[in-house]
Amino acid sequence: MPSSRSTRRWEDLEVVARNGLLDRRAFFKGGAAFAAAITGYTLSDSAAAQQLPDAPWSAAAGSLLTPYGAPSQFENGVARTLSNPKGEPRTQHARTPHHLINGTFTPNGLHFIISHSGNPDIDPEKHRLVIHGLVRQPLVFTLDALMRYPMVSRMAFVECGGNGAPLFSKEPIDATVQALHGLVSCAEWTGVMLSTLLEETGIDPKAKWLIAEGADSLALSRSVPMTKALDDAMIALYQNGERLMPGNGYPMRLLLPGWEGNMNVKWLRRIKLVETPAMSYYEARTYAPILPSGKAYQFYFLQEVKSFITHPSPGLKLSGPGFYEISGLAYSANGRIAKVMVSADGGKSWTQAALQAPVLPKAFARFRVPWRWDGGPAVLQSRAWDEAGNVQPTRAQIVAARGETKTVPNVMGFPNQHYNGPTSWGIERSGEVKHVYA
Ligand SMILES: Nc1nc2c(c(=O)[nH]1)N[C@H]1C(S)=C(S)[C@@H](COP(=O)(O)O)O[C@H]1N2
Ligand SMILES: [Mo]
């Protein structure tokens with residue numbers, strides 16, 4: 001029996017923004033009417049039962065269990081894309097397929113990776129973390145020693161400063177959300193707070209920065225202000241419950257929640273307390289691009305408030321007019337996401353999205369809005385606000401501030417960094433989704 005709350009026809013639900021955006025609570029109001037509209041089924045109980053397939057997997061005992069699980073063979077296409085699969089001597093990227101997963105954290109096998117000189121194969125027994133420099137007592141930590149300290153767990157996103165950089169281009173890009181925004185992921189990290197270890201070594205008051213260094217052949221190093229080190233920096237040992245993946249820093253990495261991916265030094269082996277920053281390769285070159293004014297940010301640490309729609313997005317074709325959920329990810333280095341607005345007409349009219357609870361600081365928030373596609377052209381866009389009151393800039397604003405790719409000669413020809421403007425998806429009559437500028 002349909003309950004009274006499900007007797008409203010979803011077609012009659014009020015459109016709250018142009019091109020068919022519905023109120024974020026419409027699903028609760030629409031009830032079974034939504035389901036019938038999506039499945040196409042309005043059946044009696046017995047007719048519904050007859051729809052169960054007579055399948056071979058229900059006819060005999062199933063396969064053997066495995067000691068370590070892997071996804072279903074039918075999910076083989078859910079994979080990262082690799083920028084340098086033969087491992088030529090330059091950076092390798094592995095990008096997260098945001099359009100093929102859902103929720104708020106990234107499975108370990110799909111977490112993005114950027115490794116500038118490959119992933120070292122570190123024997124955890126032989127690895128050491130040294131903390132020295134402007135300390136009272138330099139210390140060397142084995143993994144065993146670290147495992148005995150009090151630990152904490154927190155959700156945090158890691159995002160490369162170059163994520164979304166193609167969106168500084170003049171023309172729209174024929175690419176998926178994986179290609180455009182696949183260099184951000186979110187995991188539950190567990191480890192020892194750096195402040196706990198610094199209490200042991202003691203801190204010389206002259207120390208204003210630390211230099212963190214990795215054990216890869218490149219010995220990637222970055223300077224970190226002591227304020228961040230003592231705030232929420234962590235020596236991460238576990239990722240989504242299991243030990244770090246080799247590509248994400250096994251057996252330990254520096255986690256600086258919300259800060260530029262590059263500073264989250266993987267395969268961490270050294271922390272040296274110093275008075276002034278090192279001006280290392282990545283902080284002085286790659287992540288200090290020249291601005292249209294001719295000046296450069298000396299340091300640009302925060303991954304500021306940002307959002308993008310993952311469903312629908314290029315590669316996910318709509319199968320005809322009707323009901324869809326628009327959903328995506330929002331995050332900010334400045335705390336929790338406060339609000340996400342969604343537009344289906346390229347930013348002219350907006351409605352507020354529902355946020356999946358719990359909304360955690362410096363972590364992915366999943367937003368959702370019900371949408372009735374009328375089969376005509378539409379342009380989907382999202383815009384996020386964080387609890388500190390920051391809002392995503394418009395594309396015009398961020399392009400004016402940073403410059404369009406290639407129009408500004410940028411020392412080494414690097415694209416601009418830190419794109420946190422909107423991403424627009426154009427819906428064509430065929431149901432195809434394409435990146436557009438709106
Ligand atoms: N030691 C070391 N740390 C590193 C890197 C590296 O190549 N070596 N890559 C950096 C870059 S550019 C980014 S964006 C992040 C990515 O973290 P992830 O690979 O765990 O996603 O790690 C950073 N830490
Ligand atoms: Mo990066």
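This passage describes the ligand site, one sheet and selected backbone features of a predicted model.

Ligand 1 sits in the largest cavity. The shell around ligand 1 holds 20 residues, and Phe112, Asp216, Asn248, Arg253 and Lys266 come nearest. By class, this shell divides into 8 nonpolar, 9 polar and 3 charged residues. Strand 5, which spans residues 113-115, supplies the largest share of the shell, with 3 residues.

Polar contacts to ligand 1 involve both side-chain and backbone atoms of the protein. Aspartate 216 places a polar side-chain atom 2.6 Å from a nitrogen atom of the ligand. In the side chain of asparagine 248, an N or O atom is 2.8 Å from an oxygen atom of ligand 1. Histidine 116 contributes through its backbone, where an N or O atom lies 2.9 Å from an oxygen atom of ligand 1. The area that ligand 1 exposes when taken alone is 530 Å², and the protein buries 100% of that area. Aspartate 216 and asparagine 248 are thus named twice here, since both belong to the residues that come nearest to the ligand.

An open sheet is formed by 5 strands in the order 19-18-22-23-24, with antiparallel pairing. Strand 19 (351-352) and strand 24 (433-436) stand at the edges; each has a single partner strand, so one side of each is left without a neighbour in the sheet. Within this sheet, strand 18 (residues 337-343) pairs with strand 22 (residues 378-386) in the antiparallel sense, over 6 bridges. One residue pair in this register is valine 340 with its bridge partner in strand 22, alanine 384.

Two cis peptide bonds to proline are described next, together with the loops that hold the proline residues. Tyrosine 250 and proline 251 are joined by a cis peptide bond with omega at about 5 degrees. Proline 251 is placed in the loop between strand 13 (242-243) and strand 14 (253-255). The peptide bond from alanine 357 to proline 358 is likewise cis, and its omega is near -5 degrees. Proline 358 lies in the loop that runs between strand 20 (354-355) and strand 21 (365-373).

The loop between strand 20 and strand 21 also contains lysine 362. For lysine 362, phi is near 55 degrees, a positive value in a residue other than glycine.

Key. Residues are numbered from 1 along each chain as its sequence is written. Chains are lettered from A and ligands numbered from 1 in the order in which they are written. This is a predicted model: local features need pLDDT of at least 70, side-chain atom pairs count only at pLDDT 80 or more; totals for chains, interfaces and linings use all residues. Side-chain values use heavy atoms; hydrogens and water are left out. Two strands pair if DSSP finds at least two bridges between them. Helices (H or I, at least four residues) and strands (E, at least two) are DSSP runs, numbered from the N terminus. A residue is near a molecule or strand if one of its heavy atoms lies within 4 Å of it. A polar contact is a pair of N or O atoms within 3.5 Å; within protein, one must be able to donate a hydrogen and the other to accept it, and residues adjacent in sequence count only if both atoms are side-chain atoms. Accessible areas come from the Shrake-Rupley method with a 1.4 Å probe; for residues, only the protein chains shown count as cover. On a 1 Å grid over the protein atoms alone, a cavity is a set of points where a 1.4 Å probe fits but cannot get out, and a pocket is an open set with protein on both sides within 12 Å along at least five of seven lines; lining residues have an atom within 4 Å of a point. A molecule sits in a cavity or pocket if more than half of its atoms lie within 2 Å of its grid points. Ala, Val, Leu, Ile, Met, Phe, Trp, Tyr, Cys and Pro count as nonpolar, Asp, Glu, Lys and Arg as charged, and the others, Gly among them, as polar.
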